[in-house]
Amino acid sequence: MAVELHRKGGSPQRPAPAQAGISMWKWLEFLPPLPSWVSLGEGDTPLVPLRYLPRVWVKDERANPTGSFKDRMASLAVSWAQAQGFGTVAVASTGNAAVSTAAYAAAARLRCVVLAKEGGMSSVDTEHSLRAMGAEIRFTQSWHERWAELERGVREQGWYPISNYRVPPVSSQPVGVRAYRSLAYEIAEQRDWSVPDWIAVPVSRGDALCAMVAGFDEIRQLGWISRVPRMLAVVRFPSLQEAVRSDREQPLASEYPDRVAAVSISDPQATAAAVRAVRHSGGDVLVVGDDDLARAQADAASHGWLVEFSSAAALVGAAELQQRGHKGDIVALVTAAG
């Protein structure tokens, strides 16, 4: 949107230092126009050097109101739903997205429906938190049934969907996903308008991955940065890697094992948008296992970093890039608290 303004003769300005610390909404020129917004103070999270991995910085999304990067999407998506007159927002999630959506729905005084697989909730504490915020939890017998019920709610009851319900999967609600572009703006700003060589991103469907590439490309077109950093998508299943390396546009679904610990990056089928994002950045895809994540999480904890299990994927990716001989700066997107 700022690029379109620029092309029409406008001149979006880089935020002044005095504007720091006022949430992601300081990037209003880059976000969809709204009469007001639902904010709990999301965004403007710190970029912190990782002492035990030289030349690696953590974009620390644990600092968001509910402890995850999903707060960015929830803030914008719920704000949009409220502005459009929706009374109910709904999300198919068992963890961070559900908690974020419930928090912002509560702040907006909107009804929130959470669709979760029976026995699939990430923790008892998560379920308690959702209920405390007034969310209505509906359990289904399978993962795909969540999407089917969400689709019915959208079609028959007028729910506003925060998450995906399509097969094959696409992104979460597109308006909400745009909020993840603020990650790109912030990283560039925090580095005095330079960009790292690589950014390691935990990826399931790739909402943040795609939005960050678009965000960097947006400010590159404005002349604020010189290039888009290369993205390393760190995934639990090989669907995205196989598509990127075989020139396939639509990824195929991977075989799903009986149990996966990395629930937040456990979608066995990647999206076409994620394929395009990796290719556009000149990046790569790294497939990791639960054992890799467990070691990285334990190593991070031993250095004072308590990160969510799936978030450790970014740290695995950063270490892998260094093992491959990359000498430049790396940012690891730590998406949630552990």
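Helix axes that meet at an angle of 65 to 115 degrees count as roughly perpendicular. In this predicted model, helix 11 (residues 290-302) packs against helix 12 (residues 312-323) at an angle of about 90°, the axes lying 8 Å apart; helix 11 and helix 12 are therefore roughly perpendicular to each other. On the helix 11 side, the contact involves Asp292, Leu293, Ala296, Gln297 and Ala300, which meet Ala312, Ala313, Leu315 and Val316 of helix 12. Classified by residue type, this contact of helix 11 with helix 12 comprises 7 nonpolar, 1 polar and 1 charged residues.

A second helix pair is formed by helix 7 (residues 181-190) and helix 8 (residues 207-221), whose axes are 7 Å apart and enclose an angle of about 50°. Helix 7 and helix 8 are therefore oblique to each other, and their crossing is right-handed. Helix 7 contributes Arg181, Leu183, Ala184, Tyr185, Ile187 and Ala188 to the contact, while helix 8 contributes Ala211, Met212, Ala214, Gly215, Phe216, Glu218 and Ile219. The contact of helix 7 with helix 8 contains 10 nonpolar, 1 polar and 2 charged residues.

Helix 8 also takes part in the lining of the second largest pocket, as do helix 6 (174-177) and helix 10 (272-281), each of these elements giving two or more residues. The second largest pocket holds about 290 Å³ of space. Its lining consists of 18 residues, with Ser171, Cys210, Ala211, Ala273 and Arg276 nearest the centre. Helix 10 makes the greatest contribution to this lining, with 5 residues. By class, 9 nonpolar, 4 polar and 5 charged residues line the second largest pocket. Ala211 thus appears both in the contact of helix 7 with helix 8 and among the residues nearest the centre of the second largest pocket.

Key:
Residues numbered from 1 in each chain as written. Predicted model: local features only at pLDDT ≥ 70, side-chain atom pairs only at ≥ 80, totals over all residues. Heavy atoms only, no water. Axes fitted to C-alpha atoms, helices over the stretch in contact; angles between N-to-C directions. Helix = DSSP H or I, 4+ residues; strand = E, 2+ residues; numbered from the N terminus. Parallel < 35°, antiparallel > 145°, perpendicular 65-115°, else oblique. Left-handed = near helix turned anticlockwise from the far one by under 90°. Contact = heavy atoms within 4.5 Å. Nonpolar A, V, L, I, M, F, W, Y, C, P; charged D, E, K, R; others polar. 1 Å grid on protein atoms, 1.4 Å probe; cavity = no way out; pocket = protein on both sides within 12 Å on 5 of 7 lines; lining within 4 Å. Points joined across faces, edges and corners; volume = space filled by probe spheres on them.
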